[in-house]
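Dear colleague,

I am handing over the structure below, together with an account of what was found in it. Please keep it open beside this email while you read.

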Amino acid sequence: MTLTASTPQNLAATTATAPAAGRWGPKLWAILVVAGLAMFLDALDVSMVGVALPSIGHDLGLDTSALQWIVNGYILGYGGLLLLGGRAADLLGRRQVFLTALVVFGIASLVGGLVDAGWLLIATRIVKGIAAAFTAPAALSIITTTFKEGPDRNRALSIFTIFGATGYASGLIVSGLLTGIDWRLTFYMPVVVVAAVIVAAYIVVPRTIEKEEGRIDFTGATLLTGGMLAAVYTIVTAPETGFTATVVATTVLAVGLLGAFFVTEKRVSHPLVRLSIFRVKSIVRANLAALAIFGSYLSFQTIVSLYLQNTLQWEPLQMALAMAPTGIIVAILSPMAGNLIDRFGTGPMILAALTSFVGGYLWFLARGGSPDPAYAVDYLPAFLLLGLGFALGFSAVMSQATEGIADHEQGLASGLVQTSFQIGGAVVLAVATGLISGAATGGIDGYRPGLYLVTAVAMVGLLASATALLARKQPIAELA
């Protein structure tokens, strides 16, 4: 079902760029690779910083609460402006937005490696996240407008996932090597990748002439970003200080700004988010799954990184190699995701993915705290289950979130689902770090509250997906 009718210009653009089923020429492959490299870059950055966090904390004198802002600063810049980035790609042209944002990303990464103050590092991470908020939806909408809905798009999205998995696994290993020398090298490394992607994108990605009519809703973007920042600050601060006057003020501010955002979106002629899009149940389900998947996993990665390095005194490379199978299993299995989606549909795939995530977290809770852990028995099964979850779920979530959407709103749909990934990551991580604050010397028990939270979030996502799938089958059962 198409939500909004495409204009003749959109139909012409789609016909001109969409490949015939099963036949992809060199140009289409080149476009897919360039868009995939943006995904590679984002995953590379997330995993590299995750490994480097303990070293950054030691060097700059940052505690766990401050360290989480190095991750959440990026996520908030990313998640807060993804919807704006998606609309900008639709209105200003995907190629133009993609290239400009890549330049800003590279500069912010370079500056991040040069600063010596924690607050400055966090500031560069916010800027970097803002840049990623424009590159990510532009890259995804380049794919969803180039490859038509169905087997071609499912196949393209599964390959897109491989880039993310490769970036994640590469980031772990490279960061483990570089952090052993100097954590600042983990900030310089992405600059090299950015330069290569800019050159390739300039050559490969065609100039878009099908810019959509409308205006960018800067008011909505400001309200959403401000509301998210206030909400996450409250979530991070309240466990440590209680409900002080400042916390109460930020709570009221968050509610007010987010409330104003929804009111504004109903009234403006060109909203950042067309709220009626949430009437499509499949889009709502996809975004809820995104919240659960990334919200739980990002917190799990942070907790495990701190536990293995600070408590068990593992070296960064040792920790990175331990978690690398998660990315490797995604890279191996993701090529199958497109065919599995075609055969079973997105709903069952997402349900299987969340089941795998819950299984991985439960395994680590049961075995991860062994006093004398055997990696192959106590850790590896959990990491493999998480990789299986990503391999089954990421492409399915992306496909479900963009199916039935007209080309001129693909940027919006892409930005929306990626916003859900990032909001889930920011909020759950903020709560998790509050729960494990001061756990560095307390063994696994100090980290269990955070691990319980991670597992609970995944379970809620699993139950929501299962309920939705059963509800879809109910009419058939009644007819029988």
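How many nonpolar, polar and charged residues does the lining of the largest cavity have, by class? Before the answer, please note that this is a predicted model. The lining of the largest cavity has 26 nonpolar residues, ten polar residues and two charged ones.

To put that cavity in its setting, a search of the whole structure finds three cavities of 30 Å³ or more, and the largest has a volume of about 620 Å³. Its lining is made up of 38 residues, and those that lie nearest the centre of the largest cavity are M39, D42, A43, V46 and F294. Helix α2 gives the most to this lining, with eight residues.

Helix α2, which covers residues 26–60, also holds D45, and D45 leads to the salt bridges. A search of the whole structure finds five of them, and three are described here in turn.

In one of these, the side chains of R125 and D45 meet, with 2.7 Å from N to O. This pair links distant parts of the chain, since R125 lies in helix α5 (residues 118–146) and D45 in helix α2, 80 residues apart. R125 is buried, with a relative accessible area of 2%, and D45 is likewise buried, with a relative accessible area of 2%.

The side chain of D45 also meets that of K128 in a salt bridge, at 2.5 Å from N to O. Because K128 lies in helix α5 and D45 in helix α2, this pair ties together parts that are 83 residues apart in sequence. Both K128 and D45 are buried, and D45, R125 and K128 are linked in a network of salt bridges.

Another salt bridge is formed by D378 and R367, whose closest N and O atoms are 3.0 Å apart. D378 lies in helix α14 (residues 375–402) and R367 in helix α13 (residues 346–367), so this pair ties together parts that are eleven residues apart in sequence. Are D378 and R367 buried or partly exposed? D378 counts as buried, at 3% relative accessibility, whereas R367 is partly exposed, with a relative accessible area of 33%.

Helix α5, which contains R125, is also the place of T124. T124 is buried, with a relative accessible area of 10%, and if residues up to four places away in sequence are not counted, T124 touches A108, V111 and G112.

Turning to helix α6, which covers residues 151–179, you will find that this helix has 29 residues and reaches 41 Å from its first C-alpha to its last, close to the 42 Å expected at 1.5 Å a residue. Why can helix α6 be called largely enclosed by the rest of the structure? The reason is that 21 of the 29 residues of α6 are buried, so the helix is largely enclosed by the rest of the structure.

One residue remains to be mentioned, namely V263, whose place is in helix α9 (residues 245–267). V263 counts as partly exposed, at 39% relative accessibility. Although V263 and G220 are 43 residues apart in sequence, their C-alpha atoms are 9.4 Å apart in space.

With kind regards

Definitions and conventions
Residues numbered from 1 in each chain as written. Predicted model: local features only at pLDDT ≥ 70, side-chain atom pairs only at ≥ 80, totals over all residues. Heavy atoms only, no water. Salt bridge = Lys/Arg side-chain N within 4 Å of Asp/Glu carboxyl O. Helix = DSSP H or I, 4+ residues; strand = E, 2+ residues; numbered from the N terminus. Buried < 20%, exposed > 50% of the residue type's maximum accessible area, 1.4 Å probe, protein only. Expected span 1.5 Å × (residues − 1). 1 Å grid on protein atoms, 1.4 Å probe; cavity = no way out; pocket = protein on both sides within 12 Å on 5 of 7 lines; lining within 4 Å. Points joined across faces, edges and corners; volume = space filled by probe spheres on them. Nonpolar A, V, L, I, M, F, W, Y, C, P; charged D, E, K, R; others polar. Contact = heavy atoms within 4.5 Å.
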